Amino acid sequence: MLKRKFYDTLLHWKESHRQEGLLVKGARQIGKTFIIDRFARDNYASYLYINFIDTPEYREIFSGSIKADDIFRKLSSSFFDFQIVPGNTVIFLDEIQNCPRARTAIKPLAIDGRVDVICSGSLLGLTFLNDEFRQERQQESVPVGYERQMTMHSLDFEEYLWAVGFRAELIDNLREAFQKLTPLERVIHDRMEGLFRDYLAVGGMPEVVNSFLAENSFSSAYKVQEKIIHSNLDDIAKYAPTTEKPKIRSCYLSLPRHLARENTKFKYSDVAPGGSSRKFGNSIDWLCESSLAYRCFNLEQPTLPLNVYHKFDCYKLYASDIGTLTGMMGFDAKRAIVNDTLEKFAKCGIYENAIMCQLVRNGHHPAYFMPRANIAEIDFFIESNDGIVPIEVKAKRGSSTSFDAQLERPEVPYGYKFTAGNIGKVGKKITLPHYMSMFI
């Protein structure tokens, strides 16, 4: 059973919310249902689970009146053993995208307060999701003010370490080394870099991780990744608007190609000859809103607040799970990653994608900066309590004059440079091994 940080997030919501339901978003197959179900069983005296795909007949419970008493009356007639324990009951509405009326019902149930309500689903938030419930969603109202939204992701590197048996005190030792900027012993550092390369190949999709652990086989993990990639393509074929299906598919499959170039900026012309924002812009929106990809905008200038200076027509696009990305590259690429024999720009793109994923999982909203084409690029900027922080990612080692120039700015307190080397600090430049990204 995989330990997930999101469990603690759910505990915090339970302890802090007032008249507020919870909507959990995220890509398919990242473990949303599993962790919410476990949380509900562990923390409530009474628990009811409804899945609107497996049991579509229960959509009728939310037809007609959605006053709390009317919903409870209909629930009692459908689930004879369900009892409400006021203040200690949770209802988990899964695959709620298939019952828009149930999402509207979050408001009256939250106001009533006798039960907690958690909703989850995939492809939530897509403004152009094409399925049989599209018209219903347009007619229903979102319970603004009574619904807290959270996004769950696949396993980050720390969660992967838990899965492979790393004890908490060992990770605490790494965290202390990061905080004190103390270099690690060579044997520990080499072991951690090896584990990070394994993570690049396996990624954080729970089924993939479990398959890898069960058989200790990258081949087994790869077969599951292939299944997930095909499942994502099936979702595009099933749920995307008809005119967008081939374009979304092409953009998704182009991710490895974009990240294998020296300049990882997303280029529409690499998707198809004559490609443009007008042709593919909605396709990129679909991939990002469905949590299959993350978009990292270029900045007009690296100044706080970063989101004010986004150049919305210029961005890099990353896969939301690093193992899925390397799975799209093929098994030979995985072998080269694990054995540390992969070369050139593909390797740099993989590490860049991995750091992006970790930053997002830690709550950051990274942007990058390239003032002129292919000149003076800074891989990422993030905001911190200390100010704006530049981040450079190297697959091995190497210098960067543009990164050094950013550190000379008085408003920049320090910068992180991720390499294959050990921990170090010179002036404002903090050099960290890739695996230390879990602490940023």
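**View A. Val 24 and Ser 120 bridge strand 1 to strand 4.** In this predicted model, Val 24 has Ser 120 of strand 4 as its bridge partner. The two strands involved, strand 1 (residues 21–25) and strand 4 (residues 116–120), run parallel to one another and are joined over three bridges. Helix 1 packs on the sheet here, where strand 1, strand 4 and strand 5 are the strands it touches. If you follow the direction of helix 1, you will find that it makes about 170° with the direction of strand 5.

**View B. Five strands build an open, parallel sheet.** Stepping back a little, you can trace the strands across the sheet in the order 2-3-4-1-5. Where are the edges? They are taken by strand 2 and strand 5 (147–151). Each of these has a single partner strand, so one side of each has no neighbour in the sheet. On average, and with direction ignored, neighbouring strands here are turned by 15° against each other.

**View C. Strand 2 pairs with strand 3.** Now to one edge of the sheet, where strand 2 stands. Strand 2 and strand 3 (residues 89–94) are paired in the parallel sense, with six bridges between them. To find your place in this pairing, look for Leu 48, which stands opposite Ile 91 of strand 3. Is strand 2 (residues 46–51) buried or exposed? Five of its six residues are buried, so strand 2 is largely enclosed by the rest of the structure.

**View D. Helix 1 meets helix 2 at an oblique angle.** Helix 1 (residues 6–16) packs against helix 2 (residues 32–43) at about 50°, and their axes lie 10 Å apart. That angle makes helix 1 oblique to helix 2. The crossing of the two helices is right-handed. Which residues make the contact? Helix 1 brings Phe 6, Tyr 7, Leu 10, Leu 11 and Lys 14, while helix 2 offers Ile 35, Ile 36, Arg 38, Phe 39, Asp 42 and Asn 43. Sorted by character, the residues of this contact are seven nonpolar, one polar and three charged.

**View E. Thr 419 is a buried residue of strand 11.** Finally, zoom in on Thr 419, which belongs to strand 11 (residues 415–419). Its relative accessible area is 4%, so Thr 419 counts as buried. What surrounds it? With neighbours within four places in sequence left aside, Thr 419 is in contact with Glu 193, Lys 394, Lys 396, Arg 397, Thr 431, Leu 432, Pro 433 and His 434.

How values were computed:
Residues numbered from 1 in each chain as written. Predicted model: local features only at pLDDT ≥ 70, side-chain atom pairs only at ≥ 80, totals over all residues. Heavy atoms only, no water. Axes fitted to C-alpha atoms, helices over the stretch in contact; angles between N-to-C directions. Helix = DSSP H or I, 4+ residues; strand = E, 2+ residues; numbered from the N terminus. Parallel < 35°, antiparallel > 145°, perpendicular 65-115°, else oblique. Left-handed = near helix turned anticlockwise from the far one by under 90°. Contact = heavy atoms within 4.5 Å. Nonpolar A, V, L, I, M, F, W, Y, C, P; charged D, E, K, R; others polar. Buried < 20%, exposed > 50% of the residue type's maximum accessible area, 1.4 Å probe, protein only. Pairing = 2+ DSSP bridges.
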